[in-house]
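Visitor: Got a minute to walk me through this one? I'd like to begin with helix packing and then move on.

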Amino acid sequence: MTKTALTNMGESIARPTGWAGFSADWTSDQRAFKSASWGKVMIWIFLLSDTFIFSCFLISYMTVRMSTTAPWPNPSEVFALTIGGQEIPLILIAIMTFILISSSGTMAMAVNYGYRRDRVKTTALILATAAFGASFVGMQAFEWTKLITEGVRPWGNPWGAPQFGSSFFLITGFHGTHVTIGVIFLLIIARKVWRGDFDHERRGFFTSRKGSYENVETMGLYWHFVDLVWVFIFALFYLW
Amino acid sequence: MVDLGSVEAIPPAETADVELYHPKSWLTKYVFCQDAKVIAIQYSVTALAIGFVALVLSWLMRLQLAFPGSFAFITPSSYYQFITMHGMIMVIYLLTALFLGGFGNYLIPLMLGARDMVFPYVNMLSYWIYLLAVLVLIATFFTPGGPTGAGWTLYPPQAILEGTPGQDWGIILMLISLILFIIGFTMGGLNYVVTVLQGRTRGMTLMRMPLTIWGIFTAAIMALLAFPALLVGAIMMLFDRLLGTSFFMPAIVQAGEHLKYGGGSPILFQHLFWFFGHPEVYIVALPAFGIVSDLISTHARKNIFGYRMMVWAILAIAILSFVVWGHHMYISGMNPPFGFFFATSTLIIAVPTAIKVYNWVLTLWRGDIHFTVPMLFALGFIVTFVNGGITGLFLGNVIVDVPLSATMFVVAHFHMVMGVAPILVVFGAIYHWYPKITGRMMNETLGRIHFWITFLGAYAIFFPMHYLGFMGAPRRYYEMGETAFMPASAMTLNIFITIAALIVGAVQLAFAFNLIWSLFKGREAGGNPWRATTLEWQTPQTPPGHGNWGKELPVVYRWAYDYSAPGADGGFLPQNQPPAAPASRAAA
């Protein structure tokens, strides 16, 4: 079929410049992203798609907030907790945000130690990330419970526009699902790191692909994305 | 500059050859198979089968329109259910699945010189979730109340209110089926995009890819960005229906009773739907554009005219199609400046589209045109697409769209441009690649009969509809009844359209027969019956074996359209044909 490739035919290859160079780089041979593996490109494109999902959710929330005729409940009051006889607005949400952003820090460290082949520290840091994530979900469950006991439902609430409850449960629920899925995968990755799968390139149970420490980074990209989305939800739903 | 025609030095392989999953049993080889070629066939057969259901539904609708009241089982409710299911199946479950899941899976790895998709396991899941979505969709026919009759656009509030057919289960299962489809598609779509970006063989730069791959690749990216809007719309509508939220529901009084809904925005759904819906048109059209480019070039034995312009036109169409969705909503009470914006962006899309049509025509210009069956379908596509595109320019203008919007004119327009045109490409592509997939040619005579009846029949069906639309015949109506502005001849025209539709539908059975008959009795095709240059025709085995390429991956030395090579054997040079040694070296 094919003969041996001519890898060098003697001519020097002139590098195009300007827009032609831009186009030539992007359309280059074999791979468009020279330093990225298949998995990493896949997760970036997936996250781009997921960005569109969350954008649609948030824009839809803003639209119904404009379209509804009933007054919008004040989030500072709704999400306040009474601690020691004093009502502190948004205190729980502030703690949740702090925890989730901290988990991004431990995740980044886990990736770093992963590439240094430090099995123990990587595992510990991934587990810490998972614990932060789980406590975030736990606090969200607490917040949901509190609001439900106060009478907030997807179809209505005591303070005004029913869209408040619908948007709240929909958006935080969809985000919480992302965090929960993330925690599950963090635990799976932690187990793989601990067992040394990535050191021995053990093959995946379903995919039969060789494991590598890059999986920790791929996981990290997803986790940072989930955190970043939370910042937008925090700003647009709770602070607005 | 990237010189398309000339031969450059080939860099060494950047990544190690992949190890494939090797099936160990019959079940993992033919059913739960990770090989993109098998997945492609699974996708195609499922899509064609469900498409046949939609074809039968269109027959029933046409029967009702021509002979109102003659069929007891076609009630107004079931008529709306037929419309809804016909539209939804044809657009999403047939065309999207067939172009991306079917042709995408088969052609991307082969045309790029890859062994398989980059994530074969996820690719397999994609098909099974798609199948589940189809089964859920079919299930709506057997639920109490039947499938939803909300129209394929599923506009709220009527889609979920009592009085709309299928309000019980139909709409719920429809939304669930759409959500499943999107999940399944995302799994496949990531594969298609990453394989094109990262999985090409040595020498296959993006600017050497066949236009088929450019079309499928761009469409897959668009789908990954457009389907999220539909997913969000479907989830929120499911909440409205099941939990009683009011995302899309304003305050409504029905039968003197104040419903529990209030404060939502029905227009929001229209925005979400069409932010998906308009790119969807091009998700279907771009693969068709790409495939047609390759069919024309191969069967006219001529290099494609303006390859680089073709690529940029595809990308320009993709980007523009995300800012035109409002032209589906001119009659929603849109702010006039928005109408102006959307009309302008819509008309601008005509520019890259026209570039493509000119380039096809110029490719044909003085070519060595072989009127093979795939070529006939490709030519049929160009004519039909121009026809549908021109009525699109009418409808892109607010002032023309407003009176025509709810008439048969729109039905004629979108059937021409995204119904008939892409399906002609589907047929052409099947006739073209069938020899590679099965090793046998399809029957030529049957193919010609299939083409001429389908092509002429489609015009017999949809040309008169433009006329009906101008007279004011409304779309979506169960029957016209006695209407002052409709002459009696319009009724005759309806009967004519229905007879044409029945004939066109029936001839598809000849196509189905041809598919099966040729599998066993077709002429042996050999490896490259069309003398084509692209890589899928250069495989060591036909049909290609597991891993596609035997021991060594092909190396690409040239673009995909060397059909007019002087002195070459047969006048064409396959992409993996090494160049003759440079003259200077030969002298030394």
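**Helix packing and the chain contact**

Guide: Sure. In this predicted model, B:M90, B:L95, B:L98, B:F103 and B:Y106 of α3(B) meet B:G419, B:P422, B:V426, B:A429 and B:I437 of α12(B).

Visitor: How do the residues of that contact divide into nonpolar, polar and charged?

Guide: Nine are nonpolar, one is polar and none is charged.

Visitor: And at roughly what angle do the axes of α3 and α12 of chain B cross?

Guide: Roughly 30 degrees, with the axes coming within 12 Å; α3 covers residues 76-112 and α12 covers residues 408-438. Angles under 35 degrees count as roughly parallel, so α3(B) is roughly parallel to α12(B).

Visitor: Which hand is the crossing?

Guide: Left-handed, as α3(B) passes α12(B).

Visitor: OK, switching topic. How many residues does each chain put into the contact between A and B?

Guide: Chain A puts in 48 residues and chain B 53. On the chain A side, α1 (18-26), α2 (38-67) and α6 (162-195) each supply at least two residues.

Visitor: Which one gives the most?

Guide: α2(A), with 14 residues. The chain A side as a whole divides into 27 nonpolar, 18 polar and three charged residues.

Visitor: What ipTM does the predictor give the complex?

Guide: The ipTM is 0.93, and the pTM is 0.94.

Visitor: What's the average pLDDT for chain B?

Guide: Chain B averages 92, and 97% of its residues score at least 70. Residues 1-6 of chain B are below 50, and that stretch has nine contacts beyond near neighbours in sequence. Residues 583-588 of chain B are also below 50, with two such contacts.

How values were computed: Residues numbered from 1 in each chain as written. Chains lettered and ligands numbered in written order. Predicted model: local features only at pLDDT ≥ 70, side-chain atom pairs only at ≥ 80, totals over all residues. Axes fitted to C-alpha atoms, helices over the stretch in contact; angles between N-to-C directions. Helix = DSSP H or I, 4+ residues; strand = E, 2+ residues; numbered from the N terminus. Parallel < 35°, antiparallel > 145°, perpendicular 65-115°, else oblique. Left-handed = near helix turned anticlockwise from the far one by under 90°. Contact = placed C-beta atoms within 7 Å. Nonpolar A, V, L, I, M, F, W, Y, C, P; charged D, E, K, R; others polar. pLDDT = per-residue confidence, 0-100.
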